[in-house]
Amino acid sequence: MKTLLPSLSFCRVSVRWGGLALLALVLGGGVTAGAAPRAGANPDATALSPDQIEHAAAVEDFRAGKVSEAEQAFRAIVKRSPGYVPARYDLAALLIGQGRLREGVAHYQFIATKLLPENAEAQRRYAVVLNRAQRVNEAISQLERTLQLDPSHAKARHDLVKILLNSKDYMKAVSISDAGVKLHPEDASVHNDHGVVLMQIGKPQEAVESFNQAVELDAQHADAQYNMGLALNEQWRLEEAIERLRTAIELRPEYADAHYNLGKAFARNGDADAAQAALEKTLALQPSYYPAQYELGMLAKRAGDPRTAVRYFTEALRQSPGYVKAQYELGAAMLELGRAKQAIPHFEGVLLNTPSNADAQLLLGRALALSGDEQAARPHLLEALWLRPDSQQVRSELDALND
């Protein structure tokens with residue numbers, strides 16, 4: 001995605017797999033007629049079939065936290081009436097919500113292939129759960145089938161573009177996205193997705209144009225405002241980026257990604273206090289947001305406060321042990337504090353992942369030398385010199401070992 005921070009956001013329409021959102025696939029509207037009635041609708045009971053009545057009761061059980069009872073009821077309906085789609089969808093969603101992917105996918109497959117083989121939305125839903133089960137190529141094929149059945153199916157196009165981007169199939173994503181813009185020129189989300197694709201292929205200026213079209217169509221589109229902020233930030237149009245990110249936050253106050261990227265934009269713009277406030281807000285909304293810990297550490301480093309930097313980098317590594325940038329900066333801060341021996345394992349960890357990191361080779365050599373192990377320091381300094389043959393700093397440190 002870019003080196004674009006942790007999230008270049010699509011409209012966040014991906015399926016949620018927990019709580020009542022499991023039932024949204026059916027209760028939110030649907031591929032079938034005769035779905036269970038919404039609670040509080042007070043339908044005439046005499047107009048409902050036994051399956052519909054039992055299904056509605058099972059939905060209420062689920063909402064009340066009676067998951068086992070709901071599952072038993074859904075299974076009973078499906079066994080009695082194999083073609084009753086709403087109960088089969090809710091059973092599948094419940095199973096997937098419990099991590100029982102294979103069982104859940106089988107029900108989506110049955111609906112898509114046996115019950116509703118010509119229904120585009122049924123094909124799309126099957127594709128969504130295939131992707132959830134990490135059967136990515138099958139998901140792509142299924143979404144392509146969805147678009148063959150209904151070329152105007154905007155959600156299927158959105159899902160396909162997202163999967164293609166995640167799979168790094170950029171040219172195909174561009175083609176699908178371009179077609180979407182032609183088919184849905186008045187759909188803000190389609191223009192937002194198109195902008196995301198353009199960002200992915202390194203065209204932030206063109207991406208801004210797409211995001212502009214999205215917000216012209218829908219000024220309340222928080223993701224388009226957010227993504228435009230990212231694209232503007234890529235072009236160092238920092239004041240404009242800050243304005244867009246603030247707009248995204250006004251539209252969605254708990255938008256953690258927007259607070260985080262606002263903090264980065266403020267930091268780039270030289271406003272450390274505003275950057276810190278935005279990054280701390282990110283952590284208040286999402287305490288496990290480890291990139292925010294890293295950025296707070298970088299603010300402390302720039303402010304000449306390595307002790308505070310160590311605290312933030314340590315927390316970032318605790319939350320994400322493989323976070324190489326935090327590991328490197330933690331080692332560097334330890335060195336700055338005169339804790340050379342404690343810095344060594346951090347640089348060694350960096351080099352396990354990125355052995356050609358000249359800075360880590362140099363600082364590991366320095367840390368070993370300061371710890372009294374000049375023999376171990378020499379090969380790392382020589383490696384740093386091989387990686388950066390013009391570095392006077394590395395040469396001077398090697399000369400110091402030879403003295």
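**Exercise 1. Backbone after helix 12**

Task: Which residue just after helix 12 takes a positive phi?

Solution. Just after helix 12, Trp-236 takes a positive phi of about 60 degrees. Helices here are DSSP runs (H or I, at least four residues), as strands are (E, at least two), and they are numbered from the N terminus. Most residues other than glycine have a negative phi. Two further residues belong under this heading. Gln-134, which is not a glycine, has a positive phi of about 65 degrees and lies in the loop between helix 6 (120-132) and helix 7 (136-149). Lys-168, likewise not a glycine, has a positive phi of about 65 degrees, and its place is in the loop between helix 8 and helix 9.

The model is a predicted one, in which local features need pLDDT of at least 70 and side-chain atom pairs count only at pLDDT 80 or more, while totals for chains, interfaces and linings use all residues. Residues are numbered from 1 along each chain as its sequence is written, and side-chain values use heavy atoms, with hydrogens and water left out.

**Exercise 2. Accessibility of the two loop residues**

Task: Is Gln-134 buried or exposed, and is Lys-168 buried or exposed?

Solution. The cut-offs come first: buried means under 20% relative accessible area, exposed over 50%, and partly exposed in between (1.4 Å probe, protein chains only). Gln-134 has a relative accessible area of 70% and is therefore exposed. Lys-168, with a relative accessible area of 59%, is exposed. For the protein chain, 48% of the 403 residues count as buried.

**Exercise 3. Helix 12 and its surroundings**

Task: How many of the 13 residues of helix 12 are buried, and what covers them?

Solution. Begin with the length. The expected span of a helix is 1.5 Å times one less than its number of residues. For the 13 residues of helix 12 this gives 18 Å, and the end C-alpha atoms are 19 Å apart, which agrees. Next, the burial: twelve of the 13 residues are buried, so helix 12 is largely enclosed by the rest of the structure. Among the buried residues are Asp-223, Tyr-226, Asn-227 and Leu-230. The cover includes helix 10, helix 11, helix 13 (238-251) and helix 14.

**Exercise 4. Helix 12 against helix 14**

Task: At what angle do the axes of helix 12 and helix 14 cross, and within what distance do they come?

Solution. Two packed helices are described by the angle between their axes and the distance between the axes. Axes are lines fitted to C-alpha atoms, for helices over the stretch in contact, and angles run from 0 to 180 degrees between N-to-C directions. The axes of helix 12 and helix 14 (residues 256-268) cross at roughly 25 degrees and come within 11 Å. Helix 12 is therefore roughly parallel to helix 14; angles under 35 degrees count as roughly parallel, over 145 as roughly antiparallel, 65 to 115 as roughly perpendicular and the rest as oblique. Contact means heavy atoms within 4.5 Å. Helix 12 contributes Tyr-226, Leu-230, Asn-233 and Glu-234, and helix 14 contributes Asp-257, Ala-258, Asn-261, Ala-265 and Arg-268. By class, this contact has four nonpolar, two polar and three charged residues, where Ala, Val, Leu, Ile, Met, Phe, Trp, Tyr, Cys and Pro count as nonpolar, Asp, Glu, Lys and Arg as charged, and the others, Gly among them, as polar.

**Exercise 5. Helix 10 and Met-199**

Task: Which helices do the buried residues of helix 10 pack against?

Solution. Helix 10 is mostly covered, with twelve of its 13 residues buried. Those buried residues pack against helix 8 (154-166), helix 9 (170-183), helix 11 (204-217) and helix 12 (222-234). Met-199 has its place in helix 10 and counts as buried because its relative accessibility is 6%. The C-alpha atoms of Met-199 and Asn-227 are separated by 9.1 Å, although the two residues are 28 residues apart along the chain.

**Exercise 6. Glu-329 between helices**

Task: Which residues does Glu-329 touch, not counting residues up to four places away in sequence?

Solution. Glu-329 lies in helix 18 (residues 324-336) and counts as buried because its relative accessibility is 9%. Glu-329 touches Tyr-294, Met-298, Lys-301 and Phe-313, leaving aside residues up to four places away in sequence. Helix 17 (residues 306-319) and helix 18 pack at an angle of about 150 degrees, with their axes 9 Å apart. The two helices are therefore roughly antiparallel to each other. Their contact includes Phe-313 of helix 17 and Glu-329 of helix 18. The residues of this contact divide into nine nonpolar, two polar and two charged.
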